[in-house]
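Trainee: I should like a close look at a single part of this predicted model, namely the sheet and what packs against it. Please take me through that region in one connected account.

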Amino acid sequence: MILILMGVSGCGKTAVGSRLANKLGWKFYDADDYHPKENKEKMVKGIPLDDEDRVPWLCALHEILMREKSFGVNMILACSSLKKMYRSILTGEQSTVSTDSEQNQEQSQLDCNKEILFVHLHGSIELITKRLESRKGHFMSLSLLQSQFDTLELPEGPENFIDISIEKSIPEIVAEIEKNLG
């Protein structure tokens, strides 16, 4: 099983993901660790990333998902996944590289209804602004928060997802996700 915790910066993806992974004994990956230096520099300067910046990063994350799937590893990925297109790249539904055969495409795709669950962590811009103001040492500029809300495309059917409010405590959010895993 693969969980992808998604949402704007400051919604708690890393805090929830690391706690849940520790509790379940699953692997945890933070997508921020895989941003190239150029992306981080743009964000520090308050420059929003565009699709050209994000696609290679998302493809690298897709490779991690495929590798862990091939080993049968349960994992959690904290990744903003703001657009439907980004989520499609992560799952392999949308390939950015042409393949020689449909079989190769099928091998690089995750079965979204069985193998992957997007967990959309959401809250008000006011709450998330307060969180970002108190966060120290992160490259994400507070000035980019509005652009993330503007970019966000809410997950919808047929995507396999659940919505969880970040008004709850981290233990409550973790428990709600566990309940949805059945």
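Mentor: Let us begin with a helix in this predicted model. Helix α8, residues 170–181, lies across β1, β4 and β5, and runs at about 160° to β5. Another helix, α4, covers residues 84–91 and lies across β1 (2–6), β3 (75–78) and β4, with an angle of about 150° to β4. Strands β1 and β4 are thus named for both helices.

The sheet itself is open and is formed by 5 strands in the order β2-β3-β1-β4-β5, with parallel pairing. At its edges stand β2 (27–30) and β5 (161–165); each has a single partner strand, so one side of each is left without a neighbour in the sheet. From one strand to the next, the twist averages 20°.

Consider now β4, which spans residues 116–122 and pairs with β5 in the parallel sense over 5 bridges. Within that pairing, F118 stands opposite F161 of β5, and L121 stands opposite I164 of β5. The pairing of β4 with β1 is likewise parallel and also comprises 5 bridges. There, L5 stands opposite V119 in β4. Strand β4 is mostly covered, with 6 of its 7 residues buried. As a general point, side chains in a regular strand alternate between the two faces of the sheet.

Helix α4 deserves similar attention. It is mostly covered, 6 of its 8 residues being buried. The buried residues are Y86, R87, S88, I89, L90 and T91. Their cover includes β1, α3, β3 and β4. Just after α4, G92 takes a positive phi of about 90°.

The side chains of this region can next be placed in the nonpolar core. The largest such core has 42 residues, and those with the most contacts inside it are I4, L61, L77, C79, L90, V119 and I177. Helix α3 (residues 51–70) supplies the largest share of this core, 6 residues.

One of those core residues, C79, may be followed in detail. It is buried, with a relative accessible area of 1%. Leaving aside neighbours within four places in sequence, C79 is in contact with I4, L5, M6, G7, K13, A31, W57, L58, L61 and L90. Of these partners, L90 is one of the buried residues of α4, and L5 is the residue that stands opposite V119 in β4. A further cysteine, C11, is buried as well, with a relative accessible area of 1%. A search of the whole structure nevertheless finds 0 disulfides.

Finally, a word on confidence. The protein averages a pLDDT of 87, and 85% of the residues score at least 70. Over residues 97–107, however, the pLDDT is below 50, and this stretch has 6 contacts in the model beyond near neighbours in sequence. Where pLDDT is low, the predicted coordinates should not be read in detail.

Key
Residues are numbered from 1 along each chain as its sequence is written. This is a predicted model: local features need pLDDT of at least 70, side-chain atom pairs count only at pLDDT 80 or more; totals for chains, interfaces and linings use all residues. Side-chain values use heavy atoms; hydrogens and water are left out. Two strands pair if DSSP finds at least two bridges between them. Helices (H or I, at least four residues) and strands (E, at least two) are DSSP runs, numbered from the N terminus. Axes are lines fitted to C-alpha atoms, for helices over the stretch in contact, and angles run from 0 to 180 degrees between N-to-C directions. Contact means heavy atoms within 4.5 Å. A nonpolar core is a set of buried Ala, Val, Leu, Ile, Met, Phe, Trp, Tyr and Cys residues joined through side-chain atoms within 4.5 Å. Buried means under 20% relative accessible area, exposed over 50%, partly exposed in between (1.4 Å probe, protein chains only). pLDDT is the predictor's confidence in each residue, from 0 to 100. A disulfide is a pair of cysteine sulfur atoms within 2.5 Å.
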